[in-house]
Every structure is written in C-alpha cells, then in structure tokens.
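Visitor: I have a model open and would like to learn how to read it. Where do we begin?

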Amino acid sequence: MDRTFVIVGAGLAGATAAEALRTRGFTGRIVVIGAESEFPYDRPPLSKDYLLDRSEKAKLYIHTRQWYADHNIEVRLGTRATTIDRANHEVTLEDGERIRYDKLLLTMGASPRRLDVPGADLGGVLSLRDVNDCEALKAAFAKAGRVVIVGAGWIGMESAVAARAAGCDVTVVGTGELPLSVLGPQVAQQYAALHRRHGVEFRLGVAVAEITGQYGQASGVRLADGTFLDADVVVAGIGATPNIALAKASALATGDGVLVDEHLATTDPDIFAAGDVAESYYPHLGLHLRLGHWSAARKQPPVAAAGMMGQEGVYDNVPYFFSDQYEMGMEYLGYVPKDSAAEVVYRGDVATGKYLVFWLEFDRVLAGMNVNIWHLTGAIRTLVRSGARVDRAKLADPATALDEVFA
C-alpha cells in the first residue's frame, strides 16, 4: 500500500520538501496543508524587490499551480492543522477532516511579533510577514508622508529602504544603541551611516510607549522618553516567533523552535520539522539553532525528505543570509554567539563599498560577510567551516587568496 506523507505548512520549506520527495522517488500520497490562500511562495522578496516594486507577484511562487497537479501533490490552502494524534498517526484540520500520515513534516514557519502598547490595533499599524502584508505596506508607503518603523533589525531596516524609495520621511525606533546590532558595533555603525546618508532618522536606545491616533487611524508614536513622532504609517518590525503551538500540544520537544536532530527528526521518529519553525542541531557548531533565515527553509527540506523516506541525510550547512539595502548588498556566512567577544577584521577598503568582514575568536573565523563582492562566497564558507587558525595579516590582505590565509 502507498504511504501518505503530510506536510503542515505551505511556504518555501513545505514546497521544497514536496519537490524533494518526488525527486527522490517517493510515489505515495503527498498532502501539503497551508493556512494562507496563496500557493507556496518565496519570502525574501517581500522585504526586498517585491516591496520595492521591482518584481512581479508571479515571480514569488516556488512552482506554478499546474506543477503540483503534474506531480500529484495535494495542496490544501486556507486551512490549518489543529491537532496531531501521534498514536493514530492522524492530523486533524479546522473543518474536522482527519488525514492519516505515515510520516509528518512540520514547516509552519513563524509569525511576526505584535507591538504590545496602547494603540497597536489602530489602522496604519502594519507588520511584514506574508504577501498580503507586503502589498498593504506598498500601498501605505505610496500614500504616506511620514513613516515610523519600530524595530531596527533586518525587516525594519529593509522596510526603511522601501519607504525611502517611495519618498516617505522615515524614522526608525529601536531599543538598542545601533541598528542591526547582531553584526556587532563596528559593522552596525556602517549600516547606521548608510541609512543616515539616505535620509533615515534614528531614535535609538528607547522603547515605544504608545501609538496615538484619530478616528481609528494611527497618527503618531510616543516614545518612553516623552518624544512624539508624527506618523501616517507605523511598521512593527520587532522580530518573529516560531509557530510551535501545534508541536507543543502534541508533546514534541520544543525550545526556541521544534527541536530536531541533524536529520531534521523530532523526538517522534515519524515526525520531522524544517525551516523557520525548526531548532536544528548543527554538528560543526555542536549546538541547536533556530536562525529563521531563508537558507534553512531552502536547504533543510531535502534532508527531511530523505529522513522521511528512510534514506541517509544530514543538515550541517554553514548558516547563511543576505540583505540588499540601497547600494549595499551583502551575504553573511557563519554564526557568532551573542556573548562572543569576536574580533572584527576587514579585508579591503570600506570606502570603496566593496570589501569583506570577518569575525574571529581565538584566531578562528566564526563568520564572514562579503559586501558587493559576489565571487568569494564559496571561499568564505570553506574558511568558516574549516575552523582552522588564520593569520590576521594575511586575512586582511586582498592580495592573499582566502585559501592561503591559514597560520
């Protein structure tokens, strides 16, 4: 009898997993369950090209609708899985339908954090996670004169780029001392300067106290220090939380996400997890991480698919993410713990807008970032994964090849 594999979550991770199962030769039933009404699509353009009106909606989709029909993949959209009966291997949907599974993959992604202040439910207070959010933001930026963005992380700063491109006055509010503080103070300063050059104002080291409004529509933001900022639109870019409620209710092990091993298997051997919802084990780092980056949603599902089919597969990729902000495009590879006192080493002249940055600890490269230099991504990845000691002078010298920087 053919087996049934169910995928809960119809985003990039879910679509990639379904494709990987067919590519690997799985001929049984595949059911993909998605809460959104849209077929699976890619999310990075929502804060980049699509938000900037530089790409068409059709380019967001992972596959055409016909592709799913051609590959005999059932896609159930606009519905949620409400319970998992692990003993009977059943998933129950909102309408009460029960679907039996032989293997189950959880790819429910994450949801944006909401502002927990008075006025957060006013009109014009927006967030960015799905395609509807993106289209609402585009429409709002087209009409707004003044935009306040709460949150100075990746979504907040990429939203600032789009708002400035639309001609809006933009103020970014953040509780930290710098935007993109995950990069450390030296590199974060460069991003702060970049946005200031493009007309963005900052109110940093302060929290939002309330959002004020008239007739149900946001009109301003009051900060904890008493400062008042006029605003036609308020963007909440304060991070996202993994959608782990279903897993927790099913007594699967969870932490910051659904805990999985290097094979993407949960504590139930018939249930796997991948993408933003998964807190996976990285063997080369020796720890569990949930990074919420595009690369995990793209690279983890084929490993999970292999495990569901009883094949060998290990996820041990070097963490990766990218961002495009004005003229500054970058790719970041590696992982620097929050409590790390990593040393920053630059390679090249920052003033040219083309350079590399490395984070070192005990003479080993924890992470590397290329700025507007696109041919060295593989070399940086190899260097980070090696864990070998490097010579700082060689690392900083653009004339020395990256495979010759070792001490």
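**A buried lysine and its partner**

Guide: At 16% relative accessibility, Lys138 counts as buried, because the cut-off for buried is under 20%. Keep in mind that this is a predicted model. Lys138 sits in helix H3, residues 131–143.

Visitor: Which residues does Lys138 touch, leaving out those up to four places away in sequence?

Guide: Tyr50, Leu51 and Asp53. Take Asp53 next. Asp53 belongs to the loop between strand E2 (29–34) and helix H2 (65–70).

Visitor: Is Asp53 buried or exposed?

Guide: Exposed, because its relative accessibility is 58% and the exposed class begins over 50%. So a buried lysine, Lys138, touches Asp53, which counts as exposed.

Visitor: What should I look for in the backbone of a loop?

Guide: Start with phi. Most residues other than glycine have a negative phi. Now the case here. Asp53 has a positive phi, near 60°. Tyr215 also has a positive value, with phi near 55°.

Visitor: Where does Tyr215 lie?

Guide: In the loop between strand E13 (208–214) and strand E14 (217–223). Tyr215 counts as exposed, at 85% relative accessibility.

**Aromatic pairs**

Visitor: How do I read aromatic pairs?

Guide: Look at two things: the distance between ring centres and the angle between ring planes. Centres must lie within 6.5 Å, and planes over 60 degrees apart count as edge-to-face. By this rule the structure has eleven aromatic pairs. One of them joins Trp294 and Phe322, with 6.2 Å from centre to centre and 85° between the planes. That pair is edge-to-face.

Visitor: Which parts of the chain does the pair of Trp294 and Phe322 tie together?

Guide: Trp294 lies in helix H7 and Phe322 in strand E22 (residues 320–325), so the pair links parts that are 28 residues apart in sequence. Both residues are partly exposed: Trp294 has a relative accessible area of 30%, and Phe322 is at 25%.

Visitor: What else does Trp294 contact, beyond its neighbours within four places in sequence?

Guide: Leu12, Asp42, Pro44, Tyr320 and Phe322 make up the list. Asp42 deserves a second look. The side chains of Trp294 and Asp42 share a polar contact of 3.1 Å. Along the chain these two are 252 residues apart, yet their C-alpha atoms are separated by 8.6 Å.

Visitor: Which residues form an aromatic cluster?

Guide: Trp154, Tyr191, Phe321, Tyr332 and Trp359 form one.

**A cavity**

Visitor: How do I tell a cavity from a pocket?

Guide: Ask whether a probe can get out. From a cavity it cannot, whereas a pocket is open. How many cavities of 30 Å³ or more does the structure hold? One. The largest cavity contains about 40 Å³ of space.

Visitor: Which residues line the largest cavity?

Guide: The lining is made of Gly275, Ala278, Ser280, Tyr282, Leu289, Arg290, Leu291, Gly292, Ala296 and Gln300. Strand E20 (278–282) and helix H7 (294–308) each give two or more residues. E20 has the largest share, three residues. By class, the lining has five nonpolar, four polar and one charged. Helix H7 is the helix that also holds Trp294.

**A pocket**

Visitor: And what is the volume of the second largest pocket?

Guide: About 250 Å³. Its lining has 14 residues, and the closest to the centre are His284, Leu285, Tyr335, Val365 and Leu366. Strand E26 (364–371) and helix H8 (377–386) each supply at least two lining residues. E26 gives the most, with three. Sort the lining by class and you get eight nonpolar, three polar and three charged residues.

Visitor: Helix H8 came up there. What does Thr377, in that helix, touch beyond residues up to four places away in sequence?

Guide: Tyr320, Glu331, Leu333 and Asn370. With Glu331, a side-chain to side-chain polar contact of 2.7 Å is made.

Visitor: Is Thr377 buried or exposed?

Guide: Buried, because its relative accessibility is 12%, under the 20% cut-off. Tyr320 is worth marking on screen: Thr377 touches it, and Trp294 is in contact with Tyr320 as well.

Note on methods: Residues are numbered from 1 along each chain as its sequence is written. This is a predicted model: local features need pLDDT of at least 70, side-chain atom pairs count only at pLDDT 80 or more; totals for chains, interfaces and linings use all residues. Side-chain values use heavy atoms; hydrogens and water are left out. On a 1 Å grid over the protein atoms alone, a cavity is a set of points where a 1.4 Å probe fits but cannot get out, and a pocket is an open set with protein on both sides within 12 Å along at least five of seven lines; lining residues have an atom within 4 Å of a point. Grid points are joined across faces, edges and corners, and a volume is the space filled by probe spheres set on the points. Helices (H or I, at least four residues) and strands (E, at least two) are DSSP runs, numbered from the N terminus. Ala, Val, Leu, Ile, Met, Phe, Trp, Tyr, Cys and Pro count as nonpolar, Asp, Glu, Lys and Arg as charged, and the others, Gly among them, as polar. Buried means under 20% relative accessible area, exposed over 50%, partly exposed in between (1.4 Å probe, protein chains only). A polar contact is a pair of N or O atoms within 3.5 Å; within protein, one must be able to donate a hydrogen and the other to accept it, and residues adjacent in sequence count only if both atoms are side-chain atoms. Contact means heavy atoms within 4.5 Å. Rings of Phe, Tyr and Trp (its six-membered ring) pair if their centres lie within 6.5 Å; planes under 30 degrees apart count as stacked, over 60 as edge-to-face and the rest as tilted.
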